[in-house]
Amino acid sequence: MISVSTEKKCDSLVKRNNDILLSVIVPVYNCEKYLDECLSSLTRQGLNDKEYEVLIVNDGSTDKSAEIALSYCEKYHNFYLLNQENQGVSAARNKGLDSACGKYIAFVDSDDYVADNLYLNVVSLIRKRNFKTFYFGSTSSQDKLESFNGEYYIPPKEYSCKMPVWRYLFSNEIIQKYNLRFSVGVKFCEDFLFNYKYIQLSNSAVAATAQCLYYYRIFGESATAKVRLRDDSVWKIYYESYLFVVGEIKRFTLENQKPLDGLYYNSISAVIQEMLWGCFIFKKSPLKAIAELKDKGVSLEDNKFKRPYGDSFKYKFKTWLTYNFRHKFVFIFTCFIYRLIGK
């Protein structure tokens, strides 16, 4: 393992500058092939280097990722390298949050990159409009990456937490006030859970743009790719993660005396859909999942859980499919049709 002894601390940054607008947290694990492209995009954000910081969290990389990160820290005084033993992306993001000084928080995965001037434009807008949260479009096609032109909308609250955290800008004040952190050990849907808690606690409008401002990659070894390829080795992790998230959403909502509103029902419904859909993908019986959901106080007999999570035909069809799984032949046939139209 490469050992990097030089680690710039965020404490020194606070002493030099108390007016940081943005902290960008980049968890890194063995990503030497794409890390330079990622970090390079973060130098072209139009912000003064005293206005933002980039916290690179090296999660025990064994390749040249730490060396690449360190080279940026030596060249740009607002880039900082934080090292930890390998604990996973949630722990790496948490370490970044522990050190973040900015008024706003952004996350960027180390194999991705962002559009030029993205954060200058988005930060300027949310400061002007006093938004607590903003999310933007993403693309896996390099040709579709756009520039932000200021067009935005306020989406329904119940649809506000389904995206990965790297599509958001968050208020650090809310994150630190409630000590919001990622659930370490949860491999699937950890973003969804973080977003749900944040949006419930922020209790404010969320602004968004459909413009594609973030470029992401999906690798064959990633958890998401393994699910798509029906890699049975991830089934237990997949199943237990989604079951945990459902229980945690309900526990958090009741503990914080939040209403069981559209955000709550749509969020749990979305997780249930993915969980039962996983039963089909991995060829597992959904009966165990239904029974364990019931033990957590979540029953599919509750009609409020049957609300479609999204307005498109694809989402409505998936919702209908999920809640008709009991009819075995209908379920199998419609799963086949969905896979044809859902690609």
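This passage describes the sheet, the helices packed on it, the nonpolar cores and selected loop residues of a predicted model.

The protein chain has 343 residues, of which 54% count as buried, and its secondary structure comes to 13 helices and eight strands. Among contacts between residues at least 6 apart in sequence, 81% join residues at least 24 apart.

Eight strands form an open sheet with mixed pairing, in the order β3-β2-β1-β4-β7-β6-β8-β5. Strands β3 (79-84) and β5 stand at the edges with a single partner strand each, so that one side of each is left without a neighbour in the sheet. Strands of a sheet pair through backbone hydrogen bonds, in either the parallel or the antiparallel sense. Both senses occur around strand β6 (residues 133-139), which pairs with strand β7 (residues 168-171) in the antiparallel sense over three bridges and with strand β8 (residues 206-215) in the parallel sense over six bridges. Within these pairings, Thr133 stands opposite Phe170 of β7, while Phe134 stands opposite Ala207 of β8. Seven of the seven residues of β6 are buried, and the strand is therefore largely enclosed by the rest of the structure. On the other side of β7 in the strand order, strand β4 (residues 104-107) pairs with β7 in the antiparallel sense over three bridges, and the bridge partner of Ile105 in β7 is Phe170. Phe170 is thus matched both with Thr133 and with Ile105.

Phe170 also has a place in the nonpolar interior, since Phe170 and Ile249 are the residues with the most contacts inside the largest nonpolar core, a set of 60 residues. Helix α10 (residues 262-281) gives the most to this core, contributing 12 residues. When neighbours within four places in sequence are left aside, Ile249 is in contact with Phe192, Leu193, Tyr196, Tyr264, Ser267, Ile268 and Val271. A second core, separate from the one that holds Ile249, has 40 residues and includes Leu35, Phe134, Phe136 and Ala207. Phe134 and Ala207, which stand opposite each other in the pairing of β6 with β8, are accordingly both members of this second core.

Helices α4 and α7 are considered next in relation to the sheet and to each other. Helix α4 (residues 89-99) lies across β1, β2 (52-59), β3 and β4, and runs at about 145 degrees to β2, whereas helix α7 (residues 190-202) lies across β6, β7 and β8, and runs at about 45 degrees to β7. Two packed helices are described by the angle between their axes and the distance between the axes. For α4 and α7 the angle is about 35 degrees and the axes are 11 Å apart, and the crossing is right-handed. The contact is made by Val89, Ser90, Arg93 and Leu97 on the side of α4, and by Glu190, Asp191 and Phe194 on the side of α7; by class, it has three nonpolar, one polar and three charged residues. Val89, one of the residues of α4 in this contact, is 9.3 Å from Gly185, C-alpha to C-alpha, although the two are 96 residues apart in sequence. Gly185 lies in the loop between α6 (172-177) and α7 and is exposed, with a relative accessible area of 54%.

In helix α3 (residues 65-75), the buried residues are Ser65, Ala66, Ile68, Ala69, Leu70, Tyr72 and Cys73. The elements that cover these buried residues of α3 include the strands β1, β2 and β3 together with helix α2.

Two loop residues are notable for their backbone conformation. Most residues other than glycine have a negative phi. Asn30, in contrast, has a positive phi, near 45 degrees, and is placed in the loop between β1 (22-28) and α2 (35-41). Asn117, likewise not a glycine, has a positive phi of about 65 degrees and lies in the loop between β5 (113-114) and α5 (118-129). As to solvent accessibility, Asn30 counts as partly exposed at a relative accessibility of 29%, and Asn117 is also partly exposed, with a relative accessible area of 31%.

Conventions: Residues numbered from 1 in each chain as written. Predicted model: local features only at pLDDT ≥ 70, side-chain atom pairs only at ≥ 80, totals over all residues. Heavy atoms only, no water. Core = buried A, V, L, I, M, F, W, Y, C linked by side-chain atoms within 4.5 Å. Buried < 20%, exposed > 50% of the residue type's maximum accessible area, 1.4 Å probe, protein only. Helix = DSSP H or I, 4+ residues; strand = E, 2+ residues; numbered from the N terminus. Contact = heavy atoms within 4.5 Å. Pairing = 2+ DSSP bridges. Axes fitted to C-alpha atoms, helices over the stretch in contact; angles between N-to-C directions. Left-handed = near helix turned anticlockwise from the far one by under 90°. Nonpolar A, V, L, I, M, F, W, Y, C, P; charged D, E, K, R; others polar.
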